[in-house]
Amino acid sequence: MTIDRIAKALNAGGGVHQDLVTLINAIPIYIVIKDGEGRWIAANQLALEMHGLINVSYVGKQVSELGDPTSPFSDCARHFETDDAVWDSGKPKHTESVCTMADGRFKAYDVLKVPVFHPNGDRNCLVVLCRDITDRKKEEHSLRESEAKYKLATENMSDLISLVDTQGLINYASPSFLRVVGFSPQATHFFDHIHPEDKAAAQLFFYDLIRTKTPQSFEFRYKHTKGHWIYLEAKGSPLAGTNCETESVVMVSRDITERKQAEKLIHHMAYYDELTGLGNRKLLLDKLEHSITRAKRSDQAIAVMSLNLDRFKHVNDTFGHASGDYILQNVADQLIKVIGEEGFVARLGNDEFAVYFPFSKKIEVSEKANKLIRAFSLPMKLQDMELLLTMSIGISCYPINGHDAEELLRNAYSAMCLAKDNRSGFEFFADQINEIFSRRYILEKSLYSALELKQFFLNYQPQIEVRTGRIIGVEALIRWEHPELGIVSPDEFIPMAEETGLIIPIGEYVLRTACEQHNKWLVAGLPPIRVAVNLSALQFRQPDLVQMVAEVLANTKMSPEFLEIEITESVAMTQVEEVIEKLNSLENLGVETSIDDFGTGYSSLACLQKFPIKALKIERSLIQQITKDSGSKSIVRAMINLAHNLDMKVTAEGIETLEHFRFLKRHKCDRVQGFFFSKPLSADRIEKIYESLQENILAVV
């Protein structure tokens, strides 16, 4: 029954499981765990017995809904339900409650309530630890009544009673010392058995008690005869002699080791990430605030970095959450290794991390960021595959970019978002970033009405058959003409559309418009050509996707053989069986399918063989490197050969030079598209210059 195991059980998703109940049953004190509304989540056997709830379903109920209101423990239950003050303070609260039982007797309880919050500040759970201290209270009462009763009580009570003179010598120790610490400290010095780290505080407590003649309490670690340390809570009361001066101190101590372990557990839950063992957002902000306070005094600078793994969701969806957890643990280890003891590393949630460290010159921060990027540029072994991860980093610096922890972390996050958008590795925060995010806000707000206001339109980029030089198809590319910001790049608004779910109606608009335009070209006398439409991940996962495509084809009366559906490699490798089923359904409609951006994901050859796809489309960045890098040449040649061996066509996009085209023609690439032949054109422009465009292309090839 370790603290780590309890923490793991408390943090487990999907509800509290039997492992947690088993663990808390092993702790011999009352334990109840409630949610933020006061409903019970879990309770140990002792708590259920005290409430009379054995074999009663208690989960999701409040105390007022449980048991007979006339039961002996009902009065105490009302005491334990006053939780608002604890939630409002946000801190553990330690109280003592006295309850009147049905037969008129009283019971006294020592109650510790510890609130636990989610990273966003919402209530998570309230842990209530309760210990019956009725005997101690009665014994303390007896102590006040008479010296005879005092002696009788001290010799029979479970708590530790000692009489210590003003020099710290223990003149009396109750027999309970033998049971709790394994020996009697009588005739020894009180401070001899206290932990070295607690001794100074204990001496201050003791002599201050004598000086002020006021009872005081404190906690300390006391050495057991077997060598380990236990936690004691002591209440010292001064005893005055005939001259009214303190002659000795009565110490009433109790073993609180179990309570301290529970507090350590709650602290771990509140301040640490269970998966990686790193501090969480709350601990990061607390420690960063302390570091800022010290930095103010020493005129020191602090760098705060917000770090986010690129494409982690795709990796998680492809390989599963267990593999995702393994990656996150490896990332945590790498961050600790690079940052070292000079800084602090935290996991803020999912694939988001943060670090901070002191620095003297800005170049040191850039070097640290580059070191982190290099650390994650090495392949990671995962399921017999080598996985290449990249990371985006945003940096803010104290005192230039903020004067408190929240502001610095917020600005670092903004810079990280910019680094992710720019694929630049890392970015320092600057005031211009606020302008960038102001533009993003305007776009996100406008996106909801853009379709209704008919601000979207399609351009079409010709696709050429390498063997004949004929235009055999076009790729439909969406554009957005914003009334204030002008033409907005798809790279800017498509991610927003995917995040908001607007990609579903926008994607249907693209498909419908492209099919309608195909028919218009036929009416205008253009030869029948294939129209390629790219589907996003969210679109492809829609359960009614195939039905939607069939309805569009039927309504536009477009022949399905001229429609090509493109999905990205990462989409194809997610939930493979479902992907195969949808691709087969599209094939049954007569629609061809292809994999776009091939070479950027994590394709499995076994999966590629199963897919009913007709073509692979090589990603433009690989094509642009074939005249500069021998490695890219080899990769592209291998992709072409792979596709042909799988009886698939190959389309290369991003053709910008004659050299690109000649290389691809020499290695028998099937289809090409790019600015070398034509930029994306409006539908009207395609119609007007189709013949001259075809002649120009034939002249080149």
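Q: Which residues does valine 672 touch, and what makes this a contact?
A: Not counting residues up to four places away in sequence, valine 672 touches Pro462, Gln463, Ile464, Val466, Ala652, Ile655, Phe661, Leu664 and Phe677. Contact means heavy atoms within 4.5 Å, so each of these residues meets that limit with valine 672.

Q: What kind of model is this?
A: The model is predicted: local features need pLDDT of at least 70, side-chain atom pairs count only at pLDDT 80 or more, and totals for chains, interfaces and linings use all residues. Residues are numbered from 1 along each chain as its sequence is written, and side-chain values use heavy atoms, with hydrogens and water left out.

Q: Why is a group of residues called a nonpolar core?
A: The name applies because its members are buried Ala, Val, Leu, Ile, Met, Phe, Trp, Tyr and Cys residues joined through side-chain atoms within 4.5 Å. The largest one here has 83 residues, and Leu563, Phe611, Leu664 and Val672 touch the most other members. Helix α18 (residues 503–523) gives the largest share of this core, seven residues. Another core, of 36 residues, lies apart from it and includes Ile327 and Phe357.

Q: Is lysine 454 buried or exposed, and how do you know?
A: Buried means under 20% relative accessible area, exposed over 50%, and partly exposed in between (1.4 Å probe, protein chains only). The value for lysine 454 is 73%, so this residue is exposed. Lysine 668, at 60%, counts as exposed too. Lysine 454 has a positive phi of about 60°, and phi of lysine 668 is near 65°.

Q: What makes the bend in helix α27 a value you can state?
A: The bend at a residue is the angle between axes fitted to the seven residues ending there and the seven starting there. In α27 (residues 683–700) there is a kink of about 65°, centred on isoleucine 689. Helices (H or I, at least four residues) and strands (E, at least two) are DSSP runs, numbered from the N terminus. Among the buried residues of α27 are Ile686, Ile689 and Tyr690.

Q: How do you know which strands stand at the edges of the five-stranded sheet?
A: Two strands pair if DSSP finds at least two bridges between them. The open sheet runs β12-β13-β11-β16-β17, with mixed pairing. β12 (344–349) and β17 (426–428) each have a single partner strand, so one side of each is left without a neighbour in the sheet. Strand β16 (residues 391–398) and β17 pass the bridge limit with three, in the parallel sense.
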